[in-house]
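I opened this notebook to keep track of what I looked up, entry by entry. The entries follow packing, strand pairing and charged pairs in turn.

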Amino acid sequence: MTEQSRLADRESVIQVKKMNKWYGDFHVLTDIDLDVKQGERIVICGPSGSGKSTLIRCLNRLEEHQEGDITVNGIELGDNVKNIEVIRKDVCMVFQHFNLFPHLTVLDNLTLAPMFVLKQPKREAEATAMKFLERVKIAEQANKFPGQLSGGQQQRVAIARSLCMNPKVMLFDEPTSALDPEMIKEVLDVMIELAEEGMTMLCVTHEMGFAKQVADRVIFMDAGQIVEENEPHEFFNNPQNDRTKLFLSQILGH
Amino acid sequence: MTENTNRARPISGPVLNRSLRWMRDNLFSSPINTVITLLCVYIIWNVLDVIVSWAVLNASFGAAKEACEAATGACWAYVHDMWRFLLFGTFPADQHWRPLLAMVMLTSGMLLSMNRRFWSPWLAVAWIVGFIAVYFVLRGGVLGLSPVRTAQWGGLTLTLVLAVVGIAFAAPLALLLALGRRSEMPLIKVVCIVVIEVFRGVPLISVLFMASVMFPLFLPEGVSIDVLLRAQIGIIIFQAAYLAEVFRGGMQAIPKGQYEAADSLGLNYWQKTFKIILPQALRLVIPPTMSTFISLFKDTSLVVIIGLFDLLAATRAAVNDPMWRQQFIEAYVFIALIYFCFCFFMSRYSAYLDNDLKKSTSH
């Protein structure tokens, strides 16, 4: 496939080997192997409780894994706090509930981390922030507070906030699930644009249209395991595993 | 308010009409409401009658003590005679401008600090300089001011010093205790829990008593720490223990997503705490924080048991003055008003600040 060849000679950004995670006795992730190439767009889907959010949350250490190795940009992700800090600069997360800082203006939400983590001067951070706010088509809201924006606008601000950190990888944790239907498109449009510009993305979502349009690979998870992965055309038209077939019939059936 | 707007009556017509309508809607809307309204009016009338005739109608306002003999109500000449003693205690009479200046400095400092425009690290520096200045104004011994021992500081001056210094130091200490209690480092966590629980577990009186009586026993021979300073430290730690739990409650109310967003942007612990969590957490706990400050203000009156001469102690001494028949009601009403003015003001400020911050971050 052309998609595969596009990525064939790229370097891996994230490598996950035999990763296991438990919540107490509950085995939430089992033997996860995952290799993410530079510029690759991956959509992760699966029934709720299948561990897909937990998987991407492990990739920037919002959750700890207990067994196996996660390597980001060649840096081992473990208990070492310095490593975690370095990796978090490169791997940003967009959350289901946006998690903007409600006490700061939109602009301050965007400039805070660049100023304190990347030590950018205020003026430079603000210029970058305005550039990305324009890109997500929301520059006129820069001086408002998050509480004054709609859900779709807030999520676009959250995406811009991540972009300001100039990340190598962006993780999306169900970015449209908390939105009213009429606002989903404006967020997906921004994500599609990002994908087309070559951003490395891992996206947990139920938006199968988005998966078909931009994904290089679709991963199906169930019960803490990667059950099936394939490029989107094959994945949707010719699923191999019974659980995948059942899941697809449920979400595409109506 | 909402009930009123729900009825959506047009607001028009002469004022009298409107107020009559308001009374009909709110006070006489049903037979039961009418009965309750009339009962309340009756009670209020009787109480007001007693208060007004005592404090105003039958009172004597002259400065002369003799006028009081005839009056059946309050004798305000007494307060006229005693106010200096209530405000300054036993501070040398010819030096009264010094405690007055100290009080002006403390209250104006508080008033300025209430303005959000002045909130910056410089404010803390200004307060420390201010405290040093207040200390030397009261203590003297510099710039040709005669020295005055702390035992002679008293009255409202002492109450204000204890309260303002108490608030200014209890708040940051409480913040450290609250952060420490949430810390993942076991030693720090245990120390903070012990301090908080021990000081919350005993009455302030026993803290003050220990500070005044027991603490000196542990000091080496010849070393002594001023009793006022010991009491002040006791008050600070005691109130900080309470306030720490208030702050901790605020931090726990911040959604997990805020911590995660800060983490995923790469902010470190201190950046996350001071830029993201505390600004939101402290906002949430403005009302209970102010409650703690108000109770701190009033609790300073407990220093009387270790021989310090605050506003309440001065009042108790004043009512025992043999020059007067015992005018204790006037004296206590007077200082109750002083306490009330300060506390009510703090309470209003808390409500204002709460509202103002909410308004500035939403519609």
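**Entry 1, one buried valine.** I began with A:Val72 and listed its contacts, setting aside neighbours within four places in sequence, and found A:Val13, A:Ile14, A:Leu59, A:Ile87 and A:Val91. I note here that I am working with a predicted model. A:Val72 belongs to strand 4 of chain A, which covers residues 67-72. Its relative accessible area is 1%, so I entered A:Val72 as buried, the limit being under 20%. I also looked up a C-alpha separation: A:Val72 and A:Gln15 stand 57 residues apart along the chain, and their C-alpha atoms are separated by 6.6 Å.

**Entry 2, the sheet in chain A.** Next I asked in what order the four strands of the open sheet in chain A are arranged. The order is 2-1-4-5, with antiparallel pairing. I marked strand 2 (26-37) and strand 5 (75-76) of chain A as the edge strands, since each pairs on one side only. For strand 1 of chain A, residues 12-23, I found antiparallel pairing with strand 2 of chain A over eight bridges. Looking up one bridge by residue, I noted A:Phe26, in strand 2 of chain A, as the partner of A:Tyr23.

**Entry 3, nonpolar cores.** I then turned to the nonpolar cores and recorded that the largest has 121 residues, those with the most contacts inside it being A:Ile14, A:Ile44, A:Leu202, B:Phe247 and B:Met251. Helix 8 of chain B supplies the largest share of this core, 16 residues. Apart from this core lies another, of 49 residues, and I listed A:Val94, A:Leu110, A:Ile138 and A:Leu188 among its members. As background, I reminded myself that nonpolar side chains tend to be buried together in soluble globular proteins. I followed up B:Met251 and, again leaving aside neighbours within four places in sequence, found it in contact with B:Ala178, B:Leu179, B:Arg182, B:Tyr259, B:Ile277, B:Leu278 and B:Ala281.

**Entry 4, salt bridges.** How many salt bridges does the structure hold over all chains? I recorded 26. In chain A, I looked at A:Asp90 and A:Lys168, whose closest N and O atoms are 3.5 Å apart in a salt bridge. This pair links distant parts of the chain, 78 residues apart, with A:Asp90 in helix 3 (residues 81-90) and A:Lys168 in the loop between helix 6 (151-163) and strand 7 (169-173) of chain A. Is each partner buried or partly exposed? A:Asp90 counts as buried because its relative accessibility is 16%, whereas A:Lys168, at 39%, counts as partly exposed.

In chain B, I found B:Glu197 in a salt bridge with B:Arg181, the closest N and O atoms being 3.0 Å apart. This pair too links distant parts of its chain, B:Glu197 lying in helix 9 (residues 186-201) and B:Arg181 in helix 8 (residues 155-181), 16 residues apart. Here I noted B:Arg181 as buried at 15% and B:Glu197 as partly exposed at 33%. I also looked up the salt bridge between B:Asp25 and B:Arg24, with 3.9 Å from N to O; B:Asp25 is buried, at 12% relative accessible area, while B:Arg24 is partly exposed, at 47%.

**Entry 5, a charged network.** Last, I asked which residues are linked in a network of salt bridges. I wrote down A:Lys21, A:Arg57, A:Glu63, B:Lys256 and B:Glu260.

Methods: Residues are numbered from 1 along each chain as its sequence is written. Chains are lettered from A and ligands numbered from 1 in the order in which they are written. This is a predicted model: local features need pLDDT of at least 70, side-chain atom pairs count only at pLDDT 80 or more; totals for chains, interfaces and linings use all residues. Side-chain values use heavy atoms; hydrogens and water are left out. A salt bridge is a side-chain nitrogen of Lys or Arg within 4 Å of a carboxyl oxygen of Asp or Glu. Buried means under 20% relative accessible area, exposed over 50%, partly exposed in between (1.4 Å probe, protein chains only). A nonpolar core is a set of buried Ala, Val, Leu, Ile, Met, Phe, Trp, Tyr and Cys residues joined through side-chain atoms within 4.5 Å. Contact means heavy atoms within 4.5 Å. Two strands pair if DSSP finds at least two bridges between them.
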